[in-house]
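Got a new structure in front of you and not sure where to start? Here is a quick briefing to read alongside it.

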Amino acid sequence: MPRGQKSKLRAREKRRQACTEIQGLEDAQATAAAAGESPSSFCPPFEDRPQNVPAAGTPSIPQAAQGTSSATAAVSCTDSGEGANGQKEESSKSSKGTEGSQRDPLNKQVVLLVQFLLQKYQKKEPITKADMLKFVIKRSKCHFKEILKRASEHMELAFGVDLKEVDPTRHCYALVSKLDLTFDSTIDEEEIMLKTGLLMIVLGVVFMKGNCAPEEAVWEVLNIMGVYAERKHFIYGEPKKVITEDLVQLKYLQYRQVPDSDPPRYEFLWGPRAHAETSKMRVLEFLAKVHDTVPSAFPSCYEEAVRDEEERARARAAARAAIASVRSGAMASNFPEAK
């Protein structure tokens, strides 16, 4: 089988698995509601709920994980015609979600672990394997690696953060944003984290569309994700406001009217902060992860991303040389040679 077809099959399987995980947790919550139990009974005994959980107690993670599978389908459609067809394919299989979730008992553990990781991130607490086993993966310890792998993928694709092991000896982990956040007292790091997954998708669409994407192309992709302009989203809030106002004000995106368009049409570009805090290669790696492939599978984008990396490397080298020159001059003026 050609490599391209294998990649598409793997991507479809990832979407199917993620959808199954969500269906499994939703079914579990429905069962609890029917039995008079609170949805919170499916959560580990933590001190607090995440700040983005509504008063009703419905965990936000099913939506987050749904974003993971939807992101896969959505970004696929920016590069091929597979996205919409894939969505129809998955819709026809939705009735099998319950059966799939019963076959895979790890689904619930994956979603609970995502919730646990989000709480740790919000509280800025250390993440350890010991705590994950103690509070979440109590009865599935032998499947720890698989559960952690799936949860890591959800965190990356839905929230734009990577789970990295920072201390292999003590098995300590850290969540690292795909954005190299610059210091700005006006930015709420937690709020940005909840929007980073959405931002990475929009940046990806802009990149794939030649660095300037029509607004309708962006919404076409977001609609496949289940994100609509006039519909409030469980995680992102008001999506239209987020991408046309919030992320524009923070300079992650540019949103401008297409010249001479009547009626007015708008387009998106990368903002200066996006250029400063991420890169085309990093966004391409995100897209490759969604497609379960490697960045070089997108030849034209990969070549552009490599050129961008080379330009950034030259700029960093020039900046270091300039700093060294200034320091050298300062040292010479402070310590003139004795005559």
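What follows is a short overview, then bullet points by topic.

This is a predicted model, in which local features need pLDDT of at least 70, side-chain atom pairs count only at pLDDT 80 or more, and totals for chains, interfaces and linings use all residues. Residues are numbered from 1 along each chain as its sequence is written, and side-chain values use heavy atoms, with hydrogens and water left out.

**The chain as a whole**

- The protein chain holds 13 helices and six strands; these are DSSP runs numbered from the N terminus, with helices being H or I of at least four residues and strands E of at least two.
- Of the 339 residues in the protein chain, 48% are buried (buried means under 20% relative accessible area, exposed over 50%, partly exposed in between, using a 1.4 Å probe and protein chains only).
- Take the contacts between residues at least 6 apart in sequence: 64% of them join residues at least 24 apart (a contact means heavy atoms within 4.5 Å).

**The sheet of S1, S2 and S3**

- Three strands make up an open, antiparallel sheet, in the order S1-S3-S2 (strands pair if DSSP finds at least two bridges between them).
- Strand S1 (127-128) and strand S2 (161-167) are the edge strands; each has a single partner strand, so one side of each has no neighbour in the sheet.
- Helix H7 (residues 144-159) packs on this sheet and touches both S2 and S3, with its direction at about 135° to that of S2.
- Six bridges pair S2 with strand S3 (residues 172-177) in the antiparallel sense.
- Want two of the partners to look for? Valine 161 has serine 177 of S3 as its bridge partner, and aspartate 167 has cysteine 172 of S3.
- The hairpin of S2 and S3 has four residues between the strands, and histidine 171 in this hairpin takes a positive phi near 55°.

**Where H5 meets H7**

- Helix H5 (residues 106-123) packs against H7 at an angle of about 55°, their axes 9 Å apart (axes are lines fitted to C-alpha atoms, for helices over the stretch in contact, and angles run from 0 to 180 degrees between N-to-C directions).
- H5 and H7 are therefore oblique to each other (under 35 degrees counts as roughly parallel, over 145 as roughly antiparallel, 65 to 115 as roughly perpendicular, and the rest as oblique).
- The crossing of H5 past H7 is right-handed (the near helix is turned clockwise from the far one by less than a right angle; anticlockwise would be left-handed).
- On the H5 side, the residues in contact include Leu106, Val110, Leu113 and Leu117, while those on the H7 side include Ile147, Ala151, Met155 and Phe159.
- By class, this contact of H5 with H7 has 11 nonpolar, three polar and two charged residues (Ala, Val, Leu, Ile, Met, Phe, Trp, Tyr, Cys and Pro count as nonpolar, Asp, Glu, Lys and Arg as charged, and the others, Gly among them, as polar).
- Valine 111 also sits in helix H5, and at 2% relative accessibility valine 111 counts as buried.
- The C-alpha atoms of valine 111 and alanine 151 are 6.9 Å apart, though 40 residues separate the two along the chain.

**Where H9 meets H10**

- The axes of helix H9 and helix H10 come within 12 Å and cross at roughly 140°, which makes H9 oblique to H10.
- H9 passes H10 in a right-handed crossing, too.
- Glu215, Val218, Trp219 and Leu222 of H9 meet Pro239, Lys240, Ile243 and Thr244 of H10, and the contact of H9 with H10 has five nonpolar, one polar and two charged residues.
- Among the buried residues of H10 are Pro239, Val242, Ile243 and Leu247.
- Isoleucine 235 lies in the loop between H9 (215-224) and H10 (239-249).
- Is isoleucine 235 buried or exposed? At 12% relative accessibility, isoleucine 235 counts as buried.
- Isoleucine 235 and phenylalanine 159 are 76 residues apart along the chain, with 9.7 Å between their C-alpha atoms.
- Lysine 251, which follows H10, has a positive phi near 70°.

**The sheet of S4, S5 and S6**

- This open sheet has three strands in the order S4-S6-S5, with antiparallel pairing.
- Its edges are strand S4 (213-214) and strand S5 (253-257), each with a single partner strand, so one side of each is left without a neighbour in the sheet.
- S4 and strand S6 (residues 266-270) run antiparallel and are joined by two bridges; phenylalanine 268 in S6 is the bridge partner of alanine 213.
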